[in-house]
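Biologist: Could you take me through one part of this model at close range, and then show me how it connects with the rest? I'm happy to have the cut-offs as we go.

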Amino acid sequence: MIKKIIHKLALTCKEATLLMELKDSNTISSFQKLRLTLHLLICKYCTIYKKKRAFINQLLQRNEKELNEVDNVTIDRLKVKINMDLKAKN
């Protein structure tokens with residue numbers, strides 16, 4: 001009950017995911033970072049989302065050179081690989 005109240009007061013999941021995206025470009029304030037941190041301490045779903053985002057970003061950075069030179073077939077193969085890696089992680 002208390003977690004639900006804090007969850008609503010601190011930050012909604014929609015706002016938290018938006019802040020996670022904005023945080024990558026360093027466009028959020030210290031107060032927003034604090035609210036996001038508090039939300040992530042409470043919300044297991046956003047924590048899972050954050051981990052998946054980090055994993056996907058890591059894969060994309062690793063394959064950045066390939067992405068600049070690929071055709072549609074390679075993109076489809078990359079999507080399959082990412083999906084397989086995500087299933088393996090869970």
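Modeller: Let's start at Leu41, which sits in helix α3, the stretch covering residues 30-42. Helices here are DSSP runs of H or I with at least four residues, strands are E runs of at least two, and both are numbered from the N terminus. Please keep in mind that this is a predicted model, in which local features need pLDDT of at least 70 and side-chain atom pairs count only at pLDDT 80 or more, while totals for chains, interfaces and linings use all residues. Residues are numbered from 1 along each chain as its sequence is written, and side-chain values use heavy atoms, with hydrogens and water left out.

Leu41 counts as exposed because its relative accessibility is 69%. Exposed means over 50% relative accessible area, buried means under 20%, and partly exposed is in between, with a 1.4 Å probe and protein chains only. Together with Phe31, Leu34 and Leu38, Leu41 makes a nonpolar surface patch of about 440 Å². A patch takes residues with over 30% relative accessible area and no salt bridge, joining nonpolar side chains (Val, Leu, Ile, Met, Phe, Trp, Tyr) within 5 Å and like charges within 9 Å. The areas come from the Shrake-Rupley method with a 1.4 Å probe, and for residues only the protein chains shown count as cover.

Now turn α3 around. Its buried residues are Leu36, His39 and Leu40. These three lie on the same side of α3, because they cover an arc of only 100° around the axis; the arc is that of the directions from the helix axis to the C-beta atoms. An α-helix has 3.6 residues a turn, so residues three or four places apart point the same way. On the face turned away from the buried side of α3 you will find the exposed residues Ser30, Phe31 and Leu41. As for length, the 13 residues of α3 should span 18 Å at 1.5 Å a residue, and its end C-alpha atoms, 19 Å apart, agree with that. The expected span is 1.5 Å times one less than the number of residues.

What does the buried side of α3 join? Leu36 and Leu40 belong to the largest nonpolar core, which has nine residues in all, the others being Leu11, Ala16, Leu19, Met20, Ile28, Cys43 and Cys46. The elements giving two or more residues to this core are α2 and α3, and α2 supplies the largest share, three residues. Such a core is a set of buried Ala, Val, Leu, Ile, Met, Phe, Trp, Tyr and Cys residues joined through side-chain atoms within 4.5 Å. In soluble globular proteins, nonpolar side chains tend to be buried together.

Helix α2 has a buried side too, with Ala16, Leu19 and Met20. They cover an arc of only 105° around the axis, which puts them on the same side of α2. Glu15, also in α2, counts as partly exposed because its relative accessibility is 36%. Its C-alpha atom is 9.8 Å from that of His39, 24 residues away along the chain.

Just past α3 comes Cys43, in the loop between α3 and α4. Cys43 is buried, with a relative accessible area of 5%, and its C-alpha atom is separated by 9.8 Å from that of Ala16, 27 residues apart along the chain.

Beyond that loop, α4 has Cys46, Arg53, Phe55 and Leu59 as its buried residues. Arg53, at a relative accessible area of 12%, forms a salt bridge with Glu21, with the closest N and O atoms 2.7 Å apart. Arg53 lies in α4 (residues 44-62) and Glu21 in α2 (residues 13-24), so the pair ties together parts that are 32 residues apart in sequence. A salt bridge is a side-chain nitrogen of Lys or Arg within 4 Å of a carboxyl oxygen of Asp or Glu. Asp24 also forms a salt bridge with Arg53, its closest N and O atoms being 2.3 Å apart. That pair links α2 and α4 across 29 residues, and the shared partner joins Glu21, Asp24 and Arg53 into one network. The structure holds two salt bridges.

Stepping back, the chain has six helices and zero strands, and 21% of its 90 residues count as buried.
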